[in-house]
Amino acid sequence: VPSHPASVRARVVFLHGWCQSHDCWLKTATRLRDRYGHDSLLMDFYGHGRSPYPSKYSDLTPKLLVAQVRAAIETLGWQHTPVVFAGISLGASVALLYAELYPENVCRFVFLAPSGRKEDSSFNFAVASTYVTNFAVRCAKILENIGLGKSLEFWPVKRMIAQLNLITSTPNYGTKDELDYLQGKRLTVLLGQFDFIHSAQVHKWKLAGGYGIGRYNEDSHVEVKPYEFHASMCYDPDRWRLDLIPEAWHPKENPYFAYRNEQMYIRETAGKKASKPKSPIMSKL
């Protein structure tokens, strides 16, 4: 969703969740473009939406998705500019893994029902599902080892095994326990109160990027939405109207705000005698 080059204020990379597509973020990206003039990159992970599956089911991993995101960012020439990452569930882990490799290329995070943190309870649904997914992937490998790998080439089976292979490392997907590389980066995290897949670990998310052991990240905003489940948090991100939280996407103080508001005022009051005094920021421009 490109904006006019002269009005670019921030660049945002939107990452969807498991079994979703870029369409889930489209409304939010459009609102950010229209309201603030932000540029947005929406993409489908491999095996999702309009993107193809990799040739081997075992290739569909979080690392492959990180490489896919990096390739898209380099194609747009955004690799030298700090960008904002917005992620849902699996997309949050991909964003964290990307930030671990390229910390200078990330400045802010906006997460909905994010994965990426270890669960404290073994009775969590995501933790329990790993036994099933790992068993299915091991069975597929056994079939390959005994010469029955052709049975996995039937596309419904291949796609199912590929998707299960992708989530074998849920819920943290290989992210570090100590997210020290998030220091100085703004985090906006919305959690569901009754999320039994990626539980509302408020304490852990507040510590993410904190300066020192046990210290909260003062730049973070972690909020729990009452009576919400994982599916209800992820299904329609636009219902949370994240575009109305400007500090999640850009610094509060920005000369562009004053400049755009001044230009809008000039157009609206054209031909009138009264004139509005220039703001201190405008007088310096």
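A salt bridge is a side-chain nitrogen of Lys or Arg within 4 Å of a carboxyl oxygen of Asp or Glu. Glu223 and Lys225 meet that rule through their side chains, at 2.9 Å from N to O.

This is a predicted model, in which local features need pLDDT of at least 70, side-chain atom pairs count only at pLDDT 80 or more, and totals for chains, interfaces and linings use all residues. Residues are numbered from 1 along each chain as its sequence is written, and side-chain values use heavy atoms, with hydrogens and water left out.

**The chain as a whole**

The protein chain holds nine helices and six strands. Both are DSSP runs numbered from the N terminus: helices are H or I with at least four residues, strands are E with at least two. Of the 285 residues, 48% are buried. Buried means under 20% relative accessible area, exposed means over 50%, and partly exposed lies in between, with a 1.4 Å probe and protein chains only.

The accessible surface of the protein chain is about 15,000 Å². Carbon and sulfur atoms own 57% of that surface. Accessible areas come from the Shrake-Rupley method with a 1.4 Å probe, and for residues only the protein chains shown count as cover.

Contacts, meaning heavy atoms within 4.5 Å, often span the sequence. Among those with a separation of 6 or more, 76% join residues 24 or more positions apart.

**Strands side by side**

Two strands pair if DSSP finds at least two bridges between them. Strand β3 (residues 83-88) runs parallel to β4, and six bridges join them. Ile88 stands opposite Leu112 in β4. From β3 the chain passes through α3 to β4, a right-handed β-α-β crossover. Right-handed has a set meaning: with the strands pointing away from the viewer, the path from the first strand over the helix to the second runs clockwise.

β4 also pairs with β5, in the parallel sense, over five bridges. Here Leu112 stands opposite Leu190 in β5. Arg108 has Arg186 of β5 as its bridge partner. β4 is mostly covered, with six of its seven residues buried.

β5 in turn runs parallel to strand β6 (residues 221-225), and five bridges join the two. Val189 has Val222 in β6 as its bridge partner.

β5 is largely enclosed by the rest of the structure, because seven of its seven residues are buried. Arg186, Thr188, Leu190 and Gly192 point one way from β5. Leu187, Val189 and Leu191 point the other way. In a regular strand the side chains alternate between the two faces of the sheet.

**Charged pairs**

The whole structure contains nine salt bridges. Three of them are tabled here.

| Salt bridge | Closest N to O |
|---|---|
| Lys176 and Glu100 | 3.8 Å |
| Lys118 and Asp177 | 3.8 Å |
| Glu223 and Lys225 | 2.9 Å |

Lys176 and Glu100 form a salt bridge. This pair links distant parts of the chain, 76 residues apart. Lys176 is in the loop between α5 (155-166) and β5 (186-192), while Glu100 is in helix α3 (residues 90-101). Lys176 has 40% relative accessibility, so it counts as partly exposed. Glu100 is partly exposed too, at 28%.

The side chains of Lys118 and Asp177 also meet in a salt bridge. These residues are 59 apart, and the pair again links distant parts of the chain. Lys118 is in the loop between β4 (106-112) and α4 (125-145), and Asp177 is in the loop between α5 and β5. Lys118 is partly exposed at 44% relative accessibility. Asp177 is partly exposed at 47%.

The third tabled salt bridge joins Glu223 and Lys225. Glu223 is partly exposed, with a relative accessible area of 27%. Lys225 counts as buried, at 17% relative accessibility. Elsewhere, salt bridges that share partners join Arg35, Arg241 and Asp243 into one network.

**A nonpolar patch**

Phe125, Phe196 and Phe229 make a nonpolar surface patch of about 360 Å². Patches are made of residues with over 30% relative accessible area and no salt bridge; like charges are joined within 9 Å, and nonpolar side chains (Val, Leu, Ile, Met, Phe, Trp, Tyr) within 5 Å. Phe196 is in the loop between β5 and α6 (202-207). Phe196 has a relative accessible area of 52%, so it counts as exposed.
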